[in-house]
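Hi,

Here is the structure I said I'd pass on. Have a look at it first, and then read my notes underneath.

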Amino acid sequence: MKRTKPHSREQLVLAAFLIAAIVFGLLFFGKYQASRELPTTKPEPKPVGTVQVTLFFATPDAEGLGREGRQMAACESLPECVESLVDEVANGPVGDLHPTLPPNAVVHDVRIEGETAVVDFGDDLLKGLPGGSSAEMAAVYSVVNTICLNYPQIKGVKFLVEGAEVETLTGHLDLRLPIPPDFSLEKNNKKVATP
């Protein structure tokens, strides 16, 4: 009988192929296992969509404030939410109520200090606000009541203009201290909700 010599070249190729198959198999299995493991920490949810808020504007007879419902984009932080609310008040009502802030009133900054929201307006607030105690009262309390109703953890609002404290807007209300809400200024009116 004749013995045949093993083909060493063929065996070497076969061994290399088997080693490569085993390595790729282990890598694939490792990735598969990693994909099946659940994360140990929950991802922080980001606000999406809209929220319903209540804004205050002057009543048609200018003798008080009325409520108007509005949909706003959801926000992530309390200062951002407060700034969005005040911007909506500056945008004015869409129903039968009347604006309380000049349309060009701009909020430069909002910060929260304890239970107080500090709102820094641009000087267009002073320039565009009509004189008279009722206009000043409507402007101040539309902002304060809107913020405090929607965010009850805020108990008062401090007004700044161009980063500086102001004694008053038009000479009638003392604004040196934070202003608490006054819901007694609200007059009965039909609430208006917008889509």
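Below is what I found, starting with one strand and its neighbours and ending with the cysteines.

Keep in mind that this is a predicted model.

Let's begin with strand β5, which covers residues 156–161. β5 is mostly covered, with six of its six residues buried. The side chains split into two sets: G156, K158 and L160 point one way, while V157, F159 and V161 point the other way. Both sets are buried, and that includes K158.

So who sits beside β5? One partner is strand β4, residues 116–121, which pairs with β5 in the parallel sense over six bridges. If you want a spot to find that pairing on screen, look for A117, which stands opposite V157 in β5.

Another partner is strand β6, residues 164–165. Here the strands run antiparallel, and two bridges join them. V161 of β5 stands opposite A164 in β6. Together β5 and β6 make a hairpin with two residues between them. One thing to check in the turn is E162, which has a positive phi of about 55°.

Now the cysteines. How many disulfides does the structure hold? There is one, formed by C75 and C81, with their sulfur atoms 1.8 Å apart. The link is right-handed, with 110° about the S-S bond.

Are these cysteines buried or exposed? C75 counts as buried because its relative accessibility is 16%, and C81 counts as buried because its value is 7%. C148 is also worth a click: its relative accessibility is 6%, so C148 counts as buried.

Cheers

Terms used: Residues are numbered from 1 along each chain as its sequence is written. This is a predicted model: local features need pLDDT of at least 70, side-chain atom pairs count only at pLDDT 80 or more; totals for chains, interfaces and linings use all residues. Side-chain values use heavy atoms; hydrogens and water are left out. Buried means under 20% relative accessible area, exposed over 50%, partly exposed in between (1.4 Å probe, protein chains only). Helices (H or I, at least four residues) and strands (E, at least two) are DSSP runs, numbered from the N terminus. Two strands pair if DSSP finds at least two bridges between them. A disulfide is a pair of cysteine sulfur atoms within 2.5 Å.
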